[in-house]
Every structure is written in C-alpha cells, then in structure tokens.
Amino acid sequence: ETQITWWHAMGGALGEAVNEIATDFNASQNEFKITPVFKGTYEETLTAGIAAFRAGEQPNVMQVFDAGAATVIGAKGATVPVQDLLASNGIDFNIEDYIPGVRYFYADADGKMIGMPFNSSTPIMYYNVEAFEKAGVTPPKTWEEFASVTAPALKEAGYIPMAQSHLPWIFTENFFSRHNLPFATNDNGYGDGETKILVNTPEIKAMFTALKDWKDQGFFEWYGTGWNDNQKPFEEGKIGMWFGSSGSFGGLQQTAAMPFSATLLPYWEAVTTEPTQTFIGGAALFAMSGKSDEENKATAEFFRFLASPEVQVKWHKDTGYVPITNAAYELATAQGYYQEKPAAEVGVLQLLLPAGDNTKGYRMGFYVQIRDVMNREYGRILTGETTVDEAFATIEKEANELLERFNKTQG
Ligand SMILES: O=P(O)(O)OC[C@H](O)CO
C-alpha cells in the first residue's frame, strides 16, 4: 500500500467533509492510502507548505488558496503540473470538462492546468429572508438600488443592512471581474511580461467611498479582517445581507438562526449595464514535486477519484463549493438538487454569467502580502484614519513593490 499525505485548510464542517472524501477514497481500493492533515487557515497552510518544501518535507498534496496560487505556480520546480501528472499516469484529462470559470484560474500562460481545482467557490450575496419580509423590499440587483431603497428599508426594520467576509476578495478582486475591469497589466498577470496592479482607479475608489459613507450612515458594518470575524452576526439574524463564500452554504445551513437564501452579487449600473461573471475563489490541490513514481501515481488516482461526478456532487452538497466539472453540475441538476435548494446554485450560475476580457482570473505573485496591505488600508479608511485617495495610492505603491520583488525571484 502506497501512503500519501494531504495538507489542507478546511476547518469545522468543511474538515469533516474532507475527512469523508479521504475515507471514501481509501475504501474504494486497496493500493493507496491518503491521510488528510488540517494545517490551519489558508495563510497558515501556505506558510507551512513553503517551509516544509524548503526542508524537503513537503506533503504529496497541498491545498493552496486562490491568493497563493501565483506564488506556488511561480516557485519553479515546486509542483508537478496536474495535467502532466495525470497524463503520465494514464488518466484522461480534458480541460473542457471543467466549467468555464474553473478552467484557467490555476492554469499557466499556455492554458496548461497546474493546480487541480478542488474547492472552487465564488462570493455570493446571502440574505436574511425575515429581514427582507419585514422591510418590505426584495434583494437589490444593483448597488444604486441598495443605497436608495434596500439599505434605508432594512435599517428602518431594525437590521444592519449589510456586512461581508473579506474586503480584498469580495469588494476588490471580484469587484473587478463583476464589472469586467482590468485588475492588473499584462493580461491580469497571465502574460509573460511584467505585471503592475491597476487598483488605483476611479471605479474601485468609488466603491470604497460608498462603503465608508454606508458605514457612517449605519448601512454597513465591518467587524474585522479575519475570515470568520463577520459571519456570526449574520448567523444570529442581525444582518440583512451578507457577502460570503458559496462554500459557506453548508455551514450556514447548520448555524443560521433564521431562514436565509442567496442571490448574485450586485453591480454598479454607473459602471456597467452588462455585468459579468466573477472569479473562482477557494483553493486548488497541488501535487508537490520530489516524490516517488508510486506516490505520484497515488496522487493521480486520488485526483481522478476527486473529479468524478459522484464525489464532486457529494462535496458540493455537503459544503456549497461549486461542482467543478460540467458532468457534476449536470448530475446535481438531474437529481433535482436546485429545485430543492435554489440558493445552492447561485455560485455556479454566477460563474456561468457572460465572460469578459478580465474575468478569467488574476495572477500576481506575493498576492497574499498584497491582501495584507489592502486589509490594513481598508481598515484605516473605514475608521477614518486615511482617505480613499491616500489609501489606494499606498496600496498601488506597496503592491507594485511586492510584484517587482516577486519578479526578481523569477530570474
Ligand atoms: O472561503 P473560500 O474557500 O471560498 O475562499 C475564499 C477566497 O477565495 C480565499 O482567498
């Protein structure tokens, strides 16, 4: 029996679902055994994985979140591209089997898939059904509608109209994709040239000017930068609309004190009348290099198992992460799952909205550190310590310094 390890960042209900996948894979055959190991947050898992790689003690499979993808893909020789791994182990692979939003996020500039998409999410708008009934309004399609109709009504009904889970992910990265705006030069970082961030721009500055105004008016509340800081007040029924991962759906079904549903992210009509799809979030699984052929075969077989429609549909239903293949999406549809739970389909529907030049993803090295800069400056905007203009000039400057540093590591 060949043994392999899988480091991941899935805690709570998600961790239980991961353990079930591993148990099912181990029970499905007797040649290979995978052991999942929870390593903390996405950031902690990435840091642990990089340190382990340097020490030659890397796991076979490492879960890396969207923000860390460029760093890992750019670390030459650290991983075996999933497409090569599958091919060399005789496993069919066709990128077209994956739903469009998932296809290229973890691919290289030539379209070769490097990371195995696993827990693909997208941010969606959850809403408290009771709050909307009491306020006598429907979920807003645009931010203009939110500001003029929804927020005043929800506030009047005694709710905090809006909160969200992660400002860089939802109101920055996905702000750019939802409005089909370029987020970086060099084809959003996917090209061969040098990449500069395009964050100091009027549209995103208008978004953060609005967020600060809404906070001052009691239309928006912000509880901190941690992934879990902002979810609890929604679960407790205090918030009208909460922006979070489609992958939070499974957990919310267990924890929400009130009926909730979900719909697409609003957009600014002033920016576009043709809103586009969002980026996939969540994470992918990378096969770390330096492993024996037998272990790589075990990893390839595990990836084959993982991508099967049955495993995908179970994971999708347990968690809310989207089905990553067309076949899995068709199976969930055929089972009548979305008739039973329409909110569970919102993430995938949003990923299937019209695409644009700027919706396939972004690729920026040291992006985890760039998010730290954003979180620091966004906090300062919301507490009134800095202006929107100053904050975005700072983010642009520090992000471009990080990108330049990353570029130098690429030789
Ligand atoms: O909470 P997740 O797993 O959907 O991930 C959200 C972000 O994409 C992580 O950077």
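In strand β8, F243 is the bridge partner of M125. This pair belongs to a predicted model, and the report begins with the sheet in which the pair lies.

**The four-stranded sheet**

Strands of a sheet pair through backbone hydrogen bonds, either parallel or antiparallel. Here four strands form an open sheet with mixed pairing, in the order β7-β8-β6-β9. The edges are taken by β7 and β9, each of which has a single partner strand, so one side of each lacks a neighbour in the sheet. With direction ignored, neighbouring strands of this sheet are turned against each other by 25° on average.

The pairings within the sheet are set out below.

| Strand pair | Sense | Bridges | A facing pair |
|---|---|---|---|
| β7 (residues 160-164) and β8 | parallel | four | Q164 and F243 |
| β6 and β8 | antiparallel | five | I124 and G244 |
| β6 (residues 123-128) and β9 | antiparallel | four | M125 and T263 |

F243 of β8 thus appears in two pairings: Q164 stands opposite F243, and M125 is its bridge partner as well. M125 in turn stands opposite T263 in β9.

Strand β8, residues 239-245, has seven of its seven residues buried, so it is largely enclosed by the rest of the structure. Strand β9, residues 260-263, follows an alternating pattern instead: the side chains of F260 and A262 point to one face and are buried, whereas those of S261 and T263 point to the other and are not.

Which helix packs on the sheet? Helix α7, residues 143-156, does so, touching β7 and β8, and its direction makes about 115° with that of β7.

**P139, a loop residue in contact with the sheet**

P139 is found in the loop between α6 (129-135) and α7. Its contacts, apart from residues up to four places away in sequence, are M125, Y127, F132, M241 and T263. Among them, M125 and T263 are the residues that stand opposite each other across β6 and β9. Is P139 buried or exposed? It counts as partly exposed, because 19 C-beta neighbours lie inside 10 Å, and a residue needs 20 or more to be buried. The C-alpha atoms of P139 and I124 are separated by 12 Å, and the two residues are 15 residues apart along the chain.

**Surroundings of the ligand**

The shell around the ligand consists of Y42, F65, D66, A67, N119, S121, W169, S245, G247, G281, G282 and A283. Two elements give two or more residues to this shell, namely β5 (116-121) and β10 (281-288). The greatest contribution comes from β10, with three residues. By class, the shell has five nonpolar, six polar and one charged residues.

A67 also links this shell to helix α18. R371, found in α18 (residues 367-382), is in contact with A67 and P168 when its neighbours within four places in sequence are left aside. R371 counts as buried because it has 22 C-beta neighbours inside 10 Å. Between R371 and L351, the C-alpha to C-alpha distance is 23 Å, at a separation of 20 residues in sequence.

**The packing of α14 and α15**

Two packed helices are described by the angle between their axes and the distance between the axes. For helix α14 (residues 309-319) and helix α15 (residues 326-334), the axes come within 8 Å and cross at roughly 65°. The crossing is right-handed. On the α14 side the contact involves P309, Q312, V313 and H316, which meet A327, A328, L331 and A332 in α15. By class, this contact has six nonpolar, two polar and no charged residues.

**Two residues with positive phi**

Two residues other than glycine are noted here for their backbone angle. N180 has a positive phi, near 50°, and is placed in the loop between α8 (167-178) and α9 (185-188). With 19 C-beta neighbours inside 10 Å, N180 counts as partly exposed. D187 has a positive phi near 55° and is found in helix α9. D187 is likewise partly exposed, with 17 other C-beta atoms within 10 Å.

Notes:
Residues are numbered from 1 along each chain as its sequence is written. This is a predicted model: local features need pLDDT of at least 70, side-chain atom pairs count only at pLDDT 80 or more; totals for chains, interfaces and linings use all residues. A residue is buried if 20 or more other C-beta atoms lie within 10 Å of its own, exposed if 12 or fewer, and partly exposed in between; C-beta atoms are placed from the backbone. Two strands pair if DSSP finds at least two bridges between them. Axes are lines fitted to C-alpha atoms, for helices over the stretch in contact, and angles run from 0 to 180 degrees between N-to-C directions. A crossing is left-handed if the near helix is turned anticlockwise from the far one by less than a right angle, and right-handed if clockwise. Two residues are in contact if their C-beta atoms, placed from the backbone, lie within 7 Å. Ala, Val, Leu, Ile, Met, Phe, Trp, Tyr, Cys and Pro count as nonpolar, Asp, Glu, Lys and Arg as charged, and the others, Gly among them, as polar. A residue is near a molecule or strand if its C-beta atom, placed from the backbone, lies within 6 Å of it.
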